[in-house]
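User: Could you take a close look at one part of this protein for me, the nonpolar core and the helices that pack around it? I would enjoy a connected account rather than a list.

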Amino acid sequence: MRLSRYFLPTLKETPSEAEIVSHRLMLRAGLIRQHASGIYSWLPLGLRVLRAIEQVVREEQDAAGAQEILMPTIQSAELWRESGRYDDYGKEMLRIVDRHERDMLYGPTHEEVVTDIFRKNIKSYKDLPKNLYQIHWKFRDEVRPRFGVMRGREFLMKDAYSFDLDAEAARRAYYRMFVAYLRTFRRLGLKAIPMAADTGPIGGKLSHEFIILADTGESAVFCHRALLDKDVPANVDYDGALEPIFDEWTSLYAATDEKHGPDHGVPEGELISARGIEVGHIFSFGTKYSTPMGATVTAQDGSTVPVYMGSYGIGVSRLVGAIIEASHDDAGIIWPDSVAPFQVGLINLKVGDAETDAVVADLEARLRAAGVSVLFDDTDDRPGAKFATMDLIGLPWQVIVGPKGVARGVVELKRRATGEREELSVESALARLS
Ligand code: ATP
Ligand code: MG
Ligand code: MG
Ligand code: MG
């Protein structure tokens, strides 16, 4: 992609409406623009990051045995009356009336819809277990939308729903998601800590929030220091025993403030008390929805039993902000390789200089052929402005090509995260990047 043609409206000034660094950088780097309170448009660079995060989430959900579906954003109130949540959900639910005076709503979550799909299509224990997920927009009319996409009203969520014959199988489904979450967040470059959590309006008993520590987080959290250095399982067999992994992580104390109490048993000096951002939340809630909604299956012995369910959310759009909170410096964003909108920013310091242009064109073509995504700054801005833009948008690598280097047969390679610069031949630079 050529920067001269790319829609990248960067801002030099710090937007005054943004209170936290990730929101400021998302506006300055041209990732998003606000449409209305808590409602955003995603511009090309931001959308590439959102899609990259989605893809990591999707791969790990698929690996854990979940299957992707897509449910409607607009739901019928009827289903929520069946589950009993229509009146309980309160003002966070955006309620809509259609032309026939039917009560509709913009889905804040999808337990009811997915339970309806299940009950109409699955009748036997032989079809279990199932885990269905989607990556789709939700609407919650938050009292205080703020911090940009961190607390939006319209936001992108991955929500998965598991269905099992009994409590024990449901627990295994929970472990699969627990482990998939550990792996997902680690691939996104984050240290997300699973913490014992309250279940809130979703209901149920077993529940963990996945929290990343950040001063700008909205939750007060407490955890054992050792959780920060724990390794995430590499090659997981999702059909094997996952309880040891779950036990290993949950045997160390970690709780959000709703669950935190004086009997935590962590030695002083080992207990971290911090702020955290909730990036994921998993629940096991048994038959809370299947019983009132009549989602039953025939068991081995011929009896009819309500199915055991769980639900598992990841805040995909919130993650864009959360990753920036965890990874930036004074100059701008520092994307982890796994979610970078482009891997390489290619800077031509002297557009119009025939030799420099030729080296850059060759590099661009060969990087593209090697499958490396490149944003090529072919504008005639001054070098200082080009460096500032590249640092702001935070691509993992910069390749800087100018006439002086070209005369000596070298280009400059800069790693955004460390600021390390190195002069290399074109061949060596290519070898490094592909
Ligand atoms: P919060 O405590 O931040 O209000 P929640 O507990 O209400 O979140 P869940 O119902 O657990 O949210 O939804 C699953 C995930 O969706 C959350 O862990 C979070 O990452 C994301 N999420 C929830 N509300 C928002 C929002 N308003 N904007 C962006 N992401 C959100
Ligand atoms: Mg909420
Ligand atoms: Mg919460
Ligand atoms: Mg939650």
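Analyst: Happily; what follows starts with the whole chain, moves to the core, and then turns to helix packing and one loop residue.

Please keep in mind that this is a predicted model. The protein contains 12 helices and 23 strands. Its radius of gyration is 24 Å, close to the 22 Å that the globule rule gives for 434 residues, so the protein is as compact as a globular protein of that length. The C-alpha trace spans about 80 × 60 × 45 Å along its principal axes. Among contacts with a separation of 6 or more, 74% join residues 24 or more positions apart.

Now to the interior. Of the 434 residues, 42% count as buried. In soluble globular proteins, nonpolar side chains tend to be buried together. Here, the largest nonpolar core has 107 residues, and the members that touch the most others are I53, M177, V399 and V401. Helix α5 (residues 167-187) supplies the largest share of this core, with 11 residues. M177 is worth a closer look: leaving out residues up to four places away in sequence, M177 touches A64, A160, I282 and Y312.

I53 leads us on to a helix pair. Helix α2 (residues 44-63) packs against helix α8 (residues 316-326) at an angle of about 110 degrees, and their axes are 9 Å apart. Angles of 65 to 115 degrees count as roughly perpendicular, so that is how α2 lies relative to α8. The crossing of α2 past α8 is right-handed. On the α2 side, the contact uses V49, L50, I53, E54 and V57, while α8 brings V316, S317, L319 and V320. I53 thus appears both in this contact and among the core residues that touch the most other members.

A second pair makes a nice companion. The axes of helix α9 (residues 354-369) and helix α12 (residues 426-433) come within 11 Å and cross at roughly 25 degrees. That angle makes α9 roughly parallel to α12. The crossing of α9 past α12 is right-handed. V359, D362, L363, R366 and L367 of α9 meet V426, L430 and L433 of α12.

Finally, for a contrast with the buried interior, consider N235, in the loop between β11 (219-224) and α6 (243-250). N235 counts as exposed because it has 4 C-beta neighbours inside 10 Å. From C-alpha to C-alpha, N235 is 9.8 Å from R183, although 52 residues separate them in sequence.

Methods
Residues numbered from 1 in each chain as written. Chains lettered and ligands numbered in written order. Predicted model: local features only at pLDDT ≥ 70, side-chain atom pairs only at ≥ 80, totals over all residues. Helix = DSSP H or I, 4+ residues; strand = E, 2+ residues; numbered from the N terminus. Rg over C-alpha atoms; globule rule 2.2 N^0.38 Å. Buried ≥ 20, exposed ≤ 12 C-beta atoms within 10 Å, placed from the backbone. Contact = placed C-beta atoms within 7 Å. Core = buried A, V, L, I, M, F, W, Y, C linked by C-beta atoms within 7 Å. Axes fitted to C-alpha atoms, helices over the stretch in contact; angles between N-to-C directions. Parallel < 35°, antiparallel > 145°, perpendicular 65-115°, else oblique. Left-handed = near helix turned anticlockwise from the far one by under 90°.
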